[in-house]
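Please walk through the structure below with an eye to its backbone geometry, its ligand surroundings, its aromatic rings and one of its pockets.

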Amino acid sequence: MRALVLGSGGREHSLVWGLTRSASVDDVLCAPGNPGIEALAECIPVSLSDVEGMAAIADARDVDFVLVGPEQPLVDGVVDAVAARGRLAFGPTADAAQLEGSKRYMKDVLVAAGVPTAKHAAFGDADETAALAFLETLPGLYVVKTDGLAAGKGVIVTESIDEARDAVRAYLSGAAFGDAGRTLVIEEGMRGPELSLLVVCNGDPDAARPLAPAQDFKRIGDGDAGPNTGGMGAYSPVPVADDAAVERIMGRAIRPTLHELARRGIEYRGVLYAGLMFTSDGPKMVEYNVRFGDPECEVVVPRLTTDLGALCRAAAAGEKMPDITFTDDACVTVVLASEGYPAAPRTGDAIDGLDAAAEVDGAIVFHAGTRRDGDVIRTAGGRVLAVSATGPTLQTARTRAYDAVDRISWPGAQHRRDIAAAVAGEQ
Ligand code: AMP
Ligand code: GLY
């Protein structure tokens, strides 16, 4: 079977890695890919905003299925474009991807499905007064989000109502995030540990199956200081999310959501990523995404013992999926980012130590934002590498991941030192 992965980040590197270890897959292509992926798969240049171009590659290369990494092509309809050519794609259609493409739509679905979530309201650019008034009704922790996609950076969580008011004005005027922010969602802030649960769906709400739970570290700095990012590290398994907790989430949130989507005429296929918070009132849904999480994928895929290719192809085809199984090993990933990330990442620096890092027992260096310049690999994005390591315990996996991280350097590189520290008993 031949698979085509769409994307160019650490998530896609880990998916390609997983497919190369799948017995059902004998040929893996990636478009556009990155220098890390090139070592495992043929990379084909394409723009991730060129939906027809991506579908045309699937056709020209006669692939058995396409695995879509990032959200933007999903929201733009790449799955529909691939299907129009009579081929399979693992991912939701553009209609279904609205679950991530519009937070207002997602909140409507959550409420209709009866899934616990934060108190919230949505406002358009004519509603500034109403938006500011709604802020006043919230108790102490304010959340302002763009309705549209903003690469994980369109969310402000603050105890300062002045900062929240400034965000409302900057979003609604288009100054902060352009059109993505001209509609916004204001929410009551929730507190508690977060959980990312990636669920594989084949269109039948009752057949959806969870992958291993993971926890992501969203803030740029140690101790959760500073602004939100796309994610600075992750680990799996997550001790608070035992099998019983996962089954409760499946029963109270995931299946009701998939049934609500079905009621709206949407047969959801692909990954449904549930971002949850364990609040003092029980688990609540923070958000849904319509794809694998990044960097969650980089800790979930290395633990997977099911054939990733067979799983994704069956789900894409709406067929019965193989059972999903994992090793008992833990996995930790630490993201290395450029100086200035997330506001203004500097790129173009030469990266040292990639080979030495890959020699650490259990370590895998996934490329996220890199480019090749002759024999040199240079930084080419905000998040540059995701350094994953497996081990028999979270503590060993964490030690190995940081051992590998410490072998890599470039000017201004930044990373968190506390990924999985608390759960590994080191904090
Ligand atoms: P989202 O893009 O909606 O996932 O938000 C990104 C991150 O912002 C989440 O993973 C949380 O860390 C934080 N966040 C979003 N909504 C809330 C909320 N209502 N309360 C507390 N934190 C939130
Ligand atoms: N790690 C968060 C995300 O993928 O949205």
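Asp-224 has a relative accessibility of 45% and therefore counts as partly exposed, since that class lies between the limits of 20% and 50%. In this predicted model, Asp-224 sits in the loop between β13 (219-221) and β14 (225-228), and its phi angle is near 60 degrees, a positive value in a residue that is not a glycine. A positive phi of about 65 degrees is found for Ala-420, which is likewise not a glycine. Ala-420 belongs to the segment after α14 (394-405), and because its relative accessible area is 1%, Ala-420 is buried.

The backbone also holds cis peptide bonds, among them the one from Ser-236 to Pro-237, with omega near 5 degrees. Pro-237 is placed in the loop between β15 (233-236) and α10. The bond from Asp-294 to Pro-295 is cis as well, with omega near 25 degrees, and Pro-295 lies in the loop between β17 and α11.

Asp-294 and Pro-295 lead on to ligand 2, for both are among the residues around this ligand, together with Asp-216, Lys-218, Gly-230, Tyr-273, Asn-289, Arg-291, Gly-293 and Glu-296. Which of these residues make polar contacts with ligand 2 can be followed atom by atom. The side chain of Arg-291 has an N or O atom 2.8 Å from an oxygen atom of ligand 2, and the side chain of Asn-289 has an N or O atom 3.5 Å from an oxygen atom of this ligand. Gly-230 takes part through its backbone, where an N or O atom lies 3.1 Å from a nitrogen atom of ligand 2.

Lys-218 appears again beside ligand 1, which is surrounded by 16 residues, the closest being Glu-187, Met-190, Glu-194, Lys-218 and Glu-287. For Glu-187, a polar side-chain atom is 2.6 Å from a nitrogen atom of ligand 1. Oxygen atoms of the ligand have partners too: one is 3.1 Å from an N or O atom in the side chain of Lys-103, and an oxygen atom is 3.3 Å from an N or O atom in the side chain of Asn-228.

The loop that holds Pro-295, between β17 and α11, also contributes to an aromatic pair. How many such pairs does the structure hold? There are 5 aromatic pairs, and one of them, formed by Phe-90 and Phe-292, is tilted, with 6.2 Å from centre to centre and 40 degrees between the planes. This pair links distant parts of the chain, as Phe-90 belongs to strand β5 (residues 89-90) while Phe-292 lies in the loop between β17 (282-289) and α11 (297-300), 202 residues apart. Are these two rings buried or exposed? Phe-90 is buried, with a relative accessible area of 2%, and Phe-292 counts as buried at 3% relative accessibility. The pair of Tyr-171 and Phe-177 has ring centres 5.2 Å apart and planes at 85 degrees, so this pair is edge-to-face. Of its two members, Tyr-171 is buried with a relative accessible area of 2%, whereas Phe-177, at 29% relative accessibility, counts as partly exposed.

Helix α10, which follows the loop of Pro-237, leads to the second largest pocket, whose volume is about 370 Å³. Of the 19 residues that line this pocket, Leu-211, Ala-212, Pro-213, Asp-243 and Val-246 are the closest to its centre. Helix α10 (residues 243-263) gives the most to the lining, with 5 residues. By residue class, the lining divides into 13 nonpolar, 1 polar and 5 charged residues.

Two further helices complete the tour. His-13 is found in helix α1 (residues 10-20) and counts as buried at 5% relative accessibility, while a polar atom of the His-13 side chain lies 3.5 Å from the backbone oxygen of Gly-36. Leu-354 is found in helix α13 (residues 354-358) and is buried, with a relative accessible area of 15%. From C-alpha to C-alpha, Leu-354 and Arg-252 are 44 Å apart in space, and they are separated by 102 residues in sequence.

Methods:
Residues are numbered from 1 along each chain as its sequence is written. Chains are lettered from A and ligands numbered from 1 in the order in which they are written. This is a predicted model: local features need pLDDT of at least 70, side-chain atom pairs count only at pLDDT 80 or more; totals for chains, interfaces and linings use all residues. Side-chain values use heavy atoms; hydrogens and water are left out. On a 1 Å grid over the protein atoms alone, a cavity is a set of points where a 1.4 Å probe fits but cannot get out, and a pocket is an open set with protein on both sides within 12 Å along at least five of seven lines; lining residues have an atom within 4 Å of a point. Grid points are joined across faces, edges and corners, and a volume is the space filled by probe spheres set on the points. Helices (H or I, at least four residues) and strands (E, at least two) are DSSP runs, numbered from the N terminus. Ala, Val, Leu, Ile, Met, Phe, Trp, Tyr, Cys and Pro count as nonpolar, Asp, Glu, Lys and Arg as charged, and the others, Gly among them, as polar. Rings of Phe, Tyr and Trp (its six-membered ring) pair if their centres lie within 6.5 Å; planes under 30 degrees apart count as stacked, over 60 as edge-to-face and the rest as tilted. Buried means under 20% relative accessible area, exposed over 50%, partly exposed in between (1.4 Å probe, protein chains only). A residue is near a molecule or strand if one of its heavy atoms lies within 4 Å of it. A polar contact is a pair of N or O atoms within 3.5 Å; within protein, one must be able to donate a hydrogen and the other to accept it, and residues adjacent in sequence count only if both atoms are side-chain atoms.
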